[in-house]
Amino acid sequence: MRRLILSLLLGAAAAAGAERSFTVVEASISDMRTAMEQGRVTSHDLVVQYLSRVGLYEDKLHCIITANPHALQEADERDRERAQGRVRGPLHGIPIALKDNVLTHDIVTTGGALAFDGFMPPYDATLVINLRNAGAVIIAKTGLSELANWVAGAPTPMPGNYNAVRGFGFNPYDPRRDPREGTNDGRPALQTGGASSGVGTAANFWAGNIGSETSGSILSPSNQNMLAGIKPTVGRISRYGVIPITADQDTAGPMAKFVADVAIMFGALESPQPDPNDPPRKSACLRRVETIRDS
């Protein structure tokens, strides 16, 4: 992980232009969009700044399973498109992270399980296609409870936000290990919440992240990391290509520092047409149409 981040940063430094007066720290998606429109920052700059923070703090937080080795190239492509007058959508050039149970054809997807370490899926989840169509740069795959907490429950519940690939994730507001006898097994002193990692968003590693929830794994980490989050109605966002616990209950949703940011991300995640690969998504869309028609 450290070697990958350093190599990306060294490559960026070699090609860096004049320094710009914009920082990603506590910046909203709207702030970044405005700065890019005004020429004060590029998507490449945003990725470099975020990766710099990853290089500084990831060893303490353990919130990344895989960094996207193509993130800078993707950012450069979004910058070229913007220079040509083509803006894909509201997330054009914005770095976004995905929970590592969301399939990506070009980034390793493990679900946090050693059995899938190194697994490169053959296709993208529908929500990934939607994010990229909206211009997002996928910067990393985040930590999670292994396979989204698939062994939860008594008598030996899975620890929150632990997986065999990366270990425990740590809360940026108190990234210590728990020192108390009986709980000093490496777990964090301050919980990160649920099975989705909001840690990197809180630590300014990216603008926002996509989590998934069966019962709490968007809302709980949003609460624990002081973020805004949306758990959508099941079927509102396609679940095709998202490793579930319960196929008829899980749903993906956005997490970010600002309510406006999760609203922007939510709009990008939702498909304009029903996804034929997710039949419940189709029925949910039809119910929405019928509700609007009858109102």
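**Close-up views of a predicted model**

**View 1. Where the predicted model is least certain of itself: two low-scoring stretches.** Residues 14-19 have a pLDDT under 50 throughout. In the model, residues 14-19 make zero contacts beyond four places in sequence. Residues 287-295 also have a pLDDT below 50. That stretch has two contacts in the model beyond near neighbours in sequence. Where pLDDT is low, predicted coordinates should not be read in detail. For the chain as a whole, the average pLDDT is 89. At least 70 is the score of 87% of the residues.

**View 2. The open sheet and its strand order.** Six strands form this open sheet. Their order is β1-β3-β2-β6-β8-β7, and the pairing is mixed. Strands β1 (64-67) and β7 are the edges, and each pairs on one side only. Helix α5 (residues 126-133) packs on the sheet. Helix α5 touches β2 (95-99), β3 (137-142), β6 and β8. The direction of α5 makes about 180° with that of β2.

**View 3. Strand β8 and its two neighbours.** Strands pair through backbone hydrogen bonds, in parallel or antiparallel fashion. Strand β6 (residues 208-213) runs antiparallel to β8, and six bridges join them. One bridge pairs Glu213 with Thr251 of β8. Strand β7 (residues 228-229) is also antiparallel to β8, with two bridges between them. Here Gly229 has Met255 of β8 as its bridge partner. Ala228 is bridged to Ala256 of β8.

**View 4. The two faces of strand β8.** Strand β8 covers residues 251-256, and six of its six residues are buried. In a regular strand, side chains alternate between the two faces of the sheet. Which residues of β8 point the same way as Thr251? Gly253 and Met255 do. Ala252, Pro254 and Ala256 point the other way. Residues pointing either way are buried.

**View 5. Thr201 and its surroundings.** Thr201 lies in helix α6 (residues 199-202). Is Thr201 buried or exposed? Thr201 is buried, because its relative accessibility is 1%, and buried means under 20%. The side chains of Thr201 and Trp206 share a polar contact of 3.0 Å. Leaving aside residues up to four places away in sequence, Thr201 touches Trp206, Ala207, Gly208, Asn209, Leu227, Met255, Ala256 and Lys257. Met255 and Ala256 are also seen in View 4, where they point opposite ways from β8.

Conventions
Residues are numbered from 1 along each chain as its sequence is written. This is a predicted model: local features need pLDDT of at least 70, side-chain atom pairs count only at pLDDT 80 or more; totals for chains, interfaces and linings use all residues. Side-chain values use heavy atoms; hydrogens and water are left out. pLDDT is the predictor's confidence in each residue, from 0 to 100. Contact means heavy atoms within 4.5 Å. Buried means under 20% relative accessible area, exposed over 50%, partly exposed in between (1.4 Å probe, protein chains only). Two strands pair if DSSP finds at least two bridges between them. Axes are lines fitted to C-alpha atoms, for helices over the stretch in contact, and angles run from 0 to 180 degrees between N-to-C directions. A polar contact is a pair of N or O atoms within 3.5 Å; within protein, one must be able to donate a hydrogen and the other to accept it, and residues adjacent in sequence count only if both atoms are side-chain atoms.
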